[in-house]
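Trainee: I should like to work through this model with you, one question at a time.
Mentor: Please begin once the structure is in view.

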Amino acid sequence: MFEILKSVQLDVMLILSGLNAATALFMAFSKYFDQKRKIYLILTNVFSFLLLFFDRFAYIYRGDISNVGYWMVRISNLVVFVMTLMIVWGFNHYVRDIVLDESSNSKIPFRLKLTDLLVAIGLVLLLISQFTGLYYTFDETNHYQRSPFFFIGTLIPMAVLVIQLSVIAQYRKCLSRRLFLSLVLFTTLPILAGLVQIKFYGLSLINITTAVLASMLYLFALDDMNAAVGRAKNLEVSLLKKEGERIRRLFAQTAEALASAIDAKDKYTKGHSSRVAEYSRKIAELAGKDPQECEEIYYAALLHDVGKIGVPRTILNKKGRLSDEEFSQIKEHPNIGEQILMSISESPYLSIGAKSHHERYDGRGYPEGLKGDDIPEIARIIAVADAYDAMTSNRSYRDTIPQQLVREEFIKCLGTQFDPFFGKIMLHLIDIDSEFQMKEKEDVKELAGKSELSCDKYRDAVSEGIILTNEITRIHLTSRPKEGNADEPGLPSIVLFDSLDARIHDDERNVTRLLYFEYGELRFDGQTVCKGARKIQTKETETGKKKSSGKNMIYTVEAVKVKDHVLIRIISDEKTFEFTIALPDSARWAYIGLTGAHCLISDVSILRDEESVPDDYIGRIAEEISYINVPQGDVPNLQIDGFRLATSDGIPIHDKLSITFHTMSLPTARLVWHCPYFTIFSSKNGKVDGADFREYSLIRLDGENWASNEFGTNKIIVNKTAEFTNWDNWKEKNRAGFDVSVSIERSGKIITLTTKNGGIEMMNITTVKDDPEEIYIALTGDQCAITNIHIN
């Protein structure tokens, strides 16, 4: 066997040297590799090519005593020793770049710097050897002979490989399985080959092994970048073999796993792909897409960022804004995503979503600058969902943008950044998301991502706001006083507040920008501080139980909001404190934030009852704030404290109908859409949300409408007259109040609504798709008072 291997060794060297040269050439034309990583892979393969090329010459001219043979043997052996060191040097820099990129480590590990020093020492010793025979000599027959210190020349590159292996092992958790395997093989197999070569002198096992592994580094790197393609192809094969629900589940698991892997590469976009997929599916459903189309849009959105596989992790995780060069690399991810997914021929919508989700409706997007309907519909939907999630998620340079500000941004960008049709659907989703659930969730929502809340000075640590509704919220927690504060007992407290982002703020900028309003503070010993609330009333009840002997105190907090009153109970073993708080009005929201002084709050859990409490659940301690205590017309007056929280009974639409009323925004109203709405619907009892309720249209006084659904289609025409100056003035007119006149005309299944208010002329044409017995119109709205309603 040994003689057979020796006889074919030169042919193997020739083939492998050609393979290394071809690998280097392929690498040079590869577009999507990290630039530094590509350079070091090319160099490693070039060095491997030279190693085998000259090692082959060393064998060919061995024993040739001619002048050419004399020089070829000496030059070839020198090059072999030099290239051995240069290969481990090139690999060292390849490993260094991977460690810096994949681990987000900004410092080069010391051991990798040490290996560069060892390579330099090896080159110096090799140079000395040429004049002293330290490593090898040549006899009179021009044969290579090892010197006593030959082992040093072998020991240095082997030591470098061992050091590199230790670094690879340290950072193994940061590396993909394929990448880790390729690095381990490159560092271990040459060492094993060296041990075998000791027994079989005359074979270049180390050099041949190194050359093979150099080419394999490229293959493993390519395979790592295109791992998603392999999974997608495996999925495609499975789809051809099997049908039904099992395959759909497999597809879902594969896509979600890939999406999770993409999001995991960027610590600022955890869960981004799955949220965009959910929002996209909701938009598709409300746009009237069939279930198959909705599913395709969901998975296209789930994999829309797959191209980020080809973007360095250091750029994705950079704190602060990107440079122009870094942003150019980010802008390549749609093209990379298309290339990864386009091989899945059975699902072409995947690559379409990946490529075009950054196109803008006005043509100013990338990568192709498509405009309007030239942008694939699936990408227009994903673009809306992607932008919404980007605005409602934390970034390194800003916190979550409050939902109402996001809504205003969407209104500004309809027809420019976003498709107007799908953008309006997102506006509708925002409107019905009354508790702001469509956002990035904290890991532990109760304590804003922390497992416990450590409070030293009062309010130096506070939880995320917990919204209060007319369903009782129950909060269980454990509190332990901190040591060394005998003068001031460690106790938790509650801050009751309202804010656009559900967080407590102290700095003036955020107080103003996020409309922060604090009602008061409630301590767990019964003390209170009344701030913006009209009144706080406290009731203390002894439980009759003895105080727990331990330092840990277990509390249950029960909280509920009904109209303009909040009831909070703090229950411990000894006492129950019941706080009744009268808010300034019913329109404001109420959140509670946990905080305290010199205490550690832990084991927090939150539960909410499924049923609402009755309207008289909280005993009133202040008179109800009402803006509708005026004479009513044909229909009872409406005070609408939040999005569609109150609605009139339905008014039947037969031929022609006119409705007049007076409207006024509530003092808390601050947005354009805080105004009256009209809903056109059908139901068995003529009430909104009655049996068999079907809504055909939702039209706002500011000129927006809920476009279409499976029950009806709508077309709205809006004109701004000379009376209209800007939206700020329009909001001022709403605050002051004005009279409204609306005309409704029905012709079969077509209902036309016209009105003119504050310089806004609009006509909405609703076409009903089904055949209801009766069609109704009702008044509703958001943060407004509608009075003196007359029907003609």
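**Questions on a predicted model**

Mentor: Val12 has its place in helix α1. Keep in mind throughout that this is a predicted model.

Trainee: Is Val12 buried, partly exposed or exposed?
Mentor: Buried means under 20% relative accessible area and exposed means over 50%, with partly exposed in between. The relative accessibility of Val12 is 31%, so Val12 counts as partly exposed.

Trainee: How far apart in space are Val12 and Arg56, C-alpha to C-alpha?
Mentor: Along the sequence, Val12 and Arg56 are 44 residues apart. Their C-alpha separation in space is 9.5 Å.

Trainee: Which helix holds Asp11, and what distance separates its C-alpha atom from that of Arg56?
Mentor: Asp11 belongs to helix α1, which covers residues 2-28. Its relative accessible area is 45%, so Asp11 is partly exposed. Asp11 and Arg56 are 45 residues apart along the chain, and their C-alpha atoms are separated by 8.8 Å.

Trainee: How many helices and strands does the protein chain have?
Mentor: The chain has 792 residues, of which 50% count as buried. Its accessible surface comes to about 36,800 Å², and 55% of that belongs to carbon and sulfur atoms. Its secondary structure comes to 20 helices and 26 strands.

Trainee: Among contacts between residues at least 6 apart in sequence, what percentage join residues at least 24 apart?
Mentor: A contact requires heavy atoms within 4.5 Å. Of the contacts in question, the share joining residues at least 24 apart is 71%.

Trainee: What is the span of helix α5, from its first C-alpha to its last?
Mentor: Helix α5 covers residues 150-170 and has 21 residues. Its buried residues include Phe150, Ile156, Leu161 and Ile168. At 1.5 Å a residue the expected value is 30 Å, and the helix comes close to this with a span of 32 Å.

Trainee: Which element gives the largest share of the largest nonpolar core?
Mentor: That core has 47 residues, and those with the most contacts inside it are Phe81, Phe91, Tyr94, Val95, Leu183, Phe186 and Leu217. The elements that give two or more residues to it are α2, α3, α4, β1, α5, α6 and α7. The largest share, 14 residues, comes from α3.

Trainee: Which residues does Val95 touch, leaving aside those up to four places away in sequence?
Mentor: Val95 is one of the residues with the most contacts inside the largest core. In general, nonpolar side chains of soluble globular proteins tend to be buried together. Beyond four places in sequence, Val95 touches Leu112, Ile168 and Leu183.

Trainee: How many residues are in the second, separate core?
Mentor: Tyr299, Ala301, Val384 and Ile425 are among its members. This second core is made up of 40 residues.

Trainee: Why is Cys455 not bonded to Cys599, and how many disulfides are counted?
Mentor: A disulfide needs two cysteine sulfur atoms within 2.5 Å. The closest cysteine sulfur to that of Cys455 is in Cys599, at 4.5 Å, which is too far for a bond. Cys455 has 0% relative accessibility and therefore counts as buried. The number of disulfides is 0.

Trainee: Which cysteine has the sulfur nearest to that of Cys675?
Mentor: Cys675 is in no disulfide, and the nearest cysteine sulfur is 6.7 Å away. Cys675 has a relative accessible area of 0%, so this residue is buried. The cysteine with the nearest sulfur is Cys784.

Trainee: Which residue in β12 stands opposite Ile571?
Mentor: Strand β12 covers residues 575-582, and 6 of its 8 residues are buried. It is joined antiparallel by 8 bridges to β9 and by 7 bridges to β11. β11 and β12 form a hairpin with 3 residues between them. Opposite Ile571 stands Thr576.

Trainee: Which residues make up the covered face of β23, and which residue in β24 is the bridge partner of Leu753?
Mentor: β23 pairs antiparallel with β22 over 6 bridges and with β24 over 8 bridges. The β23 and β24 hairpin has 2 residues between the strands, and Gly758 in the turn has a positive phi of about 60°. The covered face holds Ile751, Leu753, Thr755 and Asn757. The partner of Leu753 is Asn764.

Terms used
Residues numbered from 1 in each chain as written. Predicted model: local features only at pLDDT ≥ 70, side-chain atom pairs only at ≥ 80, totals over all residues. Heavy atoms only, no water. Helix = DSSP H or I, 4+ residues; strand = E, 2+ residues; numbered from the N terminus. Buried < 20%, exposed > 50% of the residue type's maximum accessible area, 1.4 Å probe, protein only. Areas by Shrake-Rupley, 256 points an atom, 1.4 Å probe, with all protein chains shown as cover. Expected span 1.5 Å × (residues − 1). Core = buried A, V, L, I, M, F, W, Y, C linked by side-chain atoms within 4.5 Å. Pairing = 2+ DSSP bridges.
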